[in-house]
Amino acid sequence: MAKLVKLELVTSESTEALDVIGVPGEPVGRLFVVEKRGPIRILKGKKFNEKPFLDLTGQVSLWTKPNSEQGVLGLAFHPKYLQNGRFFLNYTDLK
């Protein structure tokens with residue numbers, strides 16, 4: 001039996017979002033939205049926090065061609081992030 005999936009627009013305030021991730025072991029409530037040009041923003045419900053979690057805008061390499069694989073490309077939280085605060089980024093720098 002096929003299950004129906006319901007899609008819902010949560011926000012239209014993101015630009016070139018490449019990843020949406022939650023923190024392992026944290027109750028649902030906030031999501032981290034990785035944007036190609038540099039900001040990593042926290043989404044709570046349908047609103048972004050005023051201040052980003054991290055912002056690498058101006059520090060990442062970007063091609064002018066659409067769909068390039070440059071910029072901030074991914075975020076992963078350590079399985080014990082809530083205890084140690086460690087996370088990992090995949091991005092291209094300006095060098």
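**Charges.** I began with the charges in this predicted model. The chain carries 14 positive and 10 negative charges, and I find their mean positions 4 Å apart.

**Overall.** I then looked at the chain as a whole. Its C-alpha trace spans about 50 × 35 × 30 Å along the principal axes. I note an exposed area of about 7,200 Å², of which carbon and sulfur atoms supply 55%. Of the 95 residues, 27% are buried. I also looked up the contacts with a separation of 6 or more: 40% of these are between residues 24 or more positions apart.

**Elements.** I list 1 helix and 7 strands. Read from the N terminus, the order is β-β-β-β-β-β-α-β.

**Strands β1 to β3.** I followed the pairing along the chain. Strand β1, residues 17-21, runs antiparallel to strand β2, residues 30-35, and 4 bridges join the two. Within this pair I looked up Val20, whose bridge partner in β2 is Val33. β2 also pairs with strand β3, residues 39-44, in the antiparallel sense over 5 bridges. Here I find Phe32 opposite Ile42 of β3. The hairpin of β2 and β3 has 3 residues between the strands, and in it Gly38 takes a positive phi near 140°.

**Thr57.** Gly38 came up again when I turned to Thr57. Thr57 sits in the loop between β5 and β6. What lies 19 residues from Thr57 along the chain, with C-alpha atoms separated by 4.2 Å? I find that this is Gly38. Setting aside neighbours within four places in sequence, I record contacts of Thr57 with Arg37, Gly38 and Pro39. The side chain of Thr57 is also joined to that of Asp55 by a polar contact of 2.4 Å. I class Thr57 as partly exposed because its relative accessibility is 46%, which falls between the limits of 20% and 50%.

**Gln70.** Gln70 is in the loop between β5 (54-55) and β6 (72-77). Is Gln70 buried or exposed? Its relative accessibility is 11%, so I count Gln70 as buried; the cut-off for that is under 20%. Not counting residues up to four places away in sequence, Gln70 touches Lys36, Ser61, Leu62, Trp63 and Thr92. With one of these, Ser61, I find a side-chain to side-chain polar contact of 3.0 Å.

**Thr92.** From Gln70 I went on to Thr92, which is placed in the segment after β7 (87-91). Beyond four places in sequence, Thr92 touches Gln59, Val60, Ser61, Glu69, Gln70 and Gly71. Ser61 is therefore on my contact list for Gln70 as well as on the one for Thr92, with contact meaning heavy atoms within 4.5 Å. Which backbone atom lies 2.8 Å from a polar atom of the Thr92 side chain? I find the backbone nitrogen of Gly71 there.

**Lys47.** My last entry is Lys47, found in strand β4, residues 47-48. I count Lys47 as exposed because its relative accessibility is 59%, and the limit for exposed is over 50%. Lys47 and Thr11 are 36 residues apart in sequence, and I note 7.4 Å between their C-alpha atoms.

Methods. Residues are numbered from 1 along each chain as its sequence is written. This is a predicted model: local features need pLDDT of at least 70, side-chain atom pairs count only at pLDDT 80 or more; totals for chains, interfaces and linings use all residues. Side-chain values use heavy atoms; hydrogens and water are left out. Two strands pair if DSSP finds at least two bridges between them. Helices (H or I, at least four residues) and strands (E, at least two) are DSSP runs, numbered from the N terminus. Buried means under 20% relative accessible area, exposed over 50%, partly exposed in between (1.4 Å probe, protein chains only). Accessible areas come from the Shrake-Rupley method with a 1.4 Å probe; for residues, only the protein chains shown count as cover. Lys and Arg count as positive and Asp and Glu as negative; His and the chain ends are not counted. The place of a charge is taken as NZ of Lys, CZ of Arg, CG of Asp or CD of Glu. A polar contact is a pair of N or O atoms within 3.5 Å; within protein, one must be able to donate a hydrogen and the other to accept it, and residues adjacent in sequence count only if both atoms are side-chain atoms.
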